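Please open the model in a viewer and keep the selection panel at hand. The tour proceeds by selections, each followed by a description of what is found there.

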Amino acid sequence: MTIKALIFDFDGLLMDTESTLLESWRWEWLRHGLELDPAGFFANHGGDANEPRYAALAAAVGPTYDRESSHALRMAYRAELNAALQPAPGIVGWLDRAAELGLRLAVASSSPVTHVGAMLDRAGLRERFEVLATGEEVAAHKPDPAVYLLALDRLGLPAEEAVAFEDTPHGVEAAHAAGLRCVAVPNPNADHDRFTAADLLLPSAAELSLDAVLAGLARRVDSFR
C-alpha cells in the first residue's frame, strides 16, 4: 500500500467546531428562556442543516421570534467560541509527521471555504494543506462522495493512493463511496457504535502516531488479500 496523500474532513475532525455549533444553539434557546433538546440535533449529512433548527426555535418562541436577530446573535456568539478553539488533540502531531514523510495534505469539507479557510488561518494550519475542497464547489454534500472526488482530482491521485480521516458516519460513507480507505476519529457528539464501516476507529488523534495509523491500515489491507 503506497500512500501519497491524506485527506481530512474539517468540522469536528481538525477542530471541534461541532461542539461550538451545538453550544451556540443551546445559548440561543436559553436566551429565549428555553432549553434545547440535543436529540437529533446533528444531521446525517454534511452541509447547512440550520433551517429546520431555526424553524423549531421559531415554533417554540412564537410570533415574537425575530429570525434575523436570532441568527446574527447566535453567529456572533459562535464566532467567539470558535476563536478560542485549538486544533484537536493529536492533529498537529499527525500533520508534522505527514510533512516529514513527504505526504501531501488536503481538506474535503461540506462546509464553505469562508468557514474552513478562516478557521484554518486562525489556527495557523492553512499553509499545510495543498488542496482545499469545500461544500460550495460541489452539487451534493456528504454522504455523497463529490467533495472527496474533487479533492482527489486536485491532487491528481487515484483513491488507492490516499487515506481519508473523518469524524462522522456519513463522512465515512462519503470517503468509501469515493474509493478511499477511511480512519474515523468521532467528534465528541458522535455515537462510536455507528462507525462499524470505518477501516480504523480511534477515540482521538492522540491515540496513535501517524506511523501506527498507516501501519494499521496496511495490516487491514493485507488481511483481505
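The stops below cover the sheet, a helix across it, and the largest pocket of this predicted model.

**The sheet.** Begin by selecting the six strands, which form an open sheet with parallel pairing. Read across the sheet, their order is S3-S2-S1-S4-S5-S6. Next, select residues 131-133 and 200-201: these are S3 and S6, the edge strands, each of which pairs on one side only.

**The S1 and S4 pair.** Restrict the selection to residues 5-8, strand S1, and residues 162-166, strand S4. Four bridges join these two strands in the parallel sense. Within this pair, display alanine 5, which has alanine 162 of S4 opposite.

**The helix across the sheet.** Add residues 91-101, helix H4. Helix H4 lies across S1, S4 and strand S2 (104-108), and its direction makes an angle of about 155° with S1.

**The largest pocket.** Now turn to the largest pocket, which holds about 1,000 Å³ of space. To find its centre, select Asp11, Glu18, Leu21, Gly47 and Ser111, the nearest to that point among 47 lining residues.

Which helices each supply at least two residues of this lining? Select H1 (17-31), H2 (50-61), H3 (67-83), H5 (113-123) and H7 (169-177). Of the contributions to the lining, that of H3 is the largest share, at six residues.

Finally, colour the lining of the largest pocket by class: 19 residues are polar, 15 nonpolar and 13 charged.

Definitions and conventions:
Residues are numbered from 1 along each chain as its sequence is written. This is a predicted model: local features need pLDDT of at least 70, side-chain atom pairs count only at pLDDT 80 or more; totals for chains, interfaces and linings use all residues. Side-chain values use heavy atoms; hydrogens and water are left out. Two strands pair if DSSP finds at least two bridges between them. Contact means heavy atoms within 4.5 Å. Axes are lines fitted to C-alpha atoms, for helices over the stretch in contact, and angles run from 0 to 180 degrees between N-to-C directions. On a 1 Å grid over the protein atoms alone, a cavity is a set of points where a 1.4 Å probe fits but cannot get out, and a pocket is an open set with protein on both sides within 12 Å along at least five of seven lines; lining residues have an atom within 4 Å of a point. Grid points are joined across faces, edges and corners, and a volume is the space filled by probe spheres set on the points. Ala, Val, Leu, Ile, Met, Phe, Trp, Tyr, Cys and Pro count as nonpolar, Asp, Glu, Lys and Arg as charged, and the others, Gly among them, as polar.
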